Amino acid sequence: MIVQLEFRKSSYSAQGQECVEVAHIPASFRKSSYSSDRVNCVEVADLPCGAAVRDSKHPTAGHLPFPSSEWSGFLSAALSR
């Protein structure tokens, strides 16, 4: 799946100057199939360039994104145990 990101200039940037642009990466978080029926768990979302994880108890506190290579390495190590 290819996602077209829409970048925008930050409202903190000065007019007419070069700056860093930001884009919202849409993500649908889901509870891992390896999680038990407990309420508290880590949720995961697929991203165009990897994956992200967040705490299900505090979903608005942010998430940790991982590039594809790091996420693949993590999954390989976790599944080999």
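Biologist: Which residue in E6 is the bridge partner of Gly50?
Modeller: This is a predicted model: local features need pLDDT of at least 70, side-chain atom pairs count only at pLDDT 80 or more, and totals for chains, interfaces and linings use all residues. Numbering starts from 1 along each chain as its sequence is written, and side-chain values rest on heavy atoms, without hydrogens and water. E5 and E6 pair antiparallel over four bridges (strands, E, are DSSP runs of at least two residues, helices, H or I, of at least four, numbered from the N terminus; two strands pair if DSSP finds at least two bridges between them). In E6, Gly50 is bridged to Pro67.

Biologist: How many bridges join E4 to E5?
Modeller: E4 covers residues 42-47 and runs antiparallel to E5. A hairpin of two residues connects the strands. Asp46 stands opposite Ala51 in E5. The number of bridges between E4 and E5 is six.

Biologist: Which residue forms a salt bridge with Arg30?
Modeller: Side chains of opposite charge can pair when their charged atoms come close. The cut-off for a salt bridge is a side-chain nitrogen of Lys or Arg within 4 Å of a carboxyl oxygen of Asp or Glu. For Arg30, the closest N and O atoms are 3.6 Å apart, and the partner is Asp46.

Biologist: How many residues apart are Arg30 and Asp46?
Modeller: Arg30 is partly exposed at 39% relative accessible area, and Asp46 is exposed at 52% (buried is under 20%, exposed over 50%, partly exposed in between, with a 1.4 Å probe and protein chains only). Arg30 sits in strand E3 (residues 30-31) and Asp46 in strand E4, so the pair links distant parts of the chain. Their separation in sequence is 16 residues.

Biologist: Is Glu43 buried or exposed?
Modeller: Glu43 meets Arg54 in a salt bridge at 2.6 Å, N to O. Glu43 is in E4 and Arg54 in E5, so the pair ties together parts eleven residues apart in sequence. Arg54 is partly exposed at 22%. With a relative accessible area of 15%, Glu43 is buried.

Biologist: How many salt bridges does the whole structure hold?
Modeller: Another pair is Asp55 with Lys57, whose closest N and O atoms are 4.0 Å apart. Asp55 is partly exposed at 29%. Lys57 is partly exposed too, at 46%. The count for the whole structure is three.

Biologist: Which residue's backbone oxygen does the side chain of Ser56 reach?
Modeller: Ser56 lies in the loop between E5 (50-55) and E6 (64-67). Ser56 counts as buried because its relative accessibility is 18%. Its polar contact (N or O atoms within 3.5 Å; within protein, one able to donate a hydrogen and the other to accept it, with residues adjacent in sequence counting only if both atoms are side-chain atoms) spans 2.8 Å, to the backbone oxygen of Cys41.

Biologist: How many disulfides does a search of the whole structure find?
Modeller: Cys41 is buried at 13% relative accessible area. Cys49 is partly exposed at 47%. A disulfide needs a pair of cysteine sulfur atoms within 2.5 Å. The search result is zero.

Biologist: What accessible area do Phe74, Leu75 and Leu79 have together?
Modeller: Leu79 lies in helix H1 (residues 68-79) and is exposed at 55% relative accessibility. Patch residues have over 30% relative accessible area and no salt bridge; like charges are joined within 9 Å, nonpolar side chains (Val, Leu, Ile, Met, Phe, Trp, Tyr) within 5 Å. Areas follow the Shrake-Rupley method with a 1.4 Å probe; for residues, only the protein chains shown count as cover. The three residues form a nonpolar surface patch with a joint accessible area of about 290 Å².
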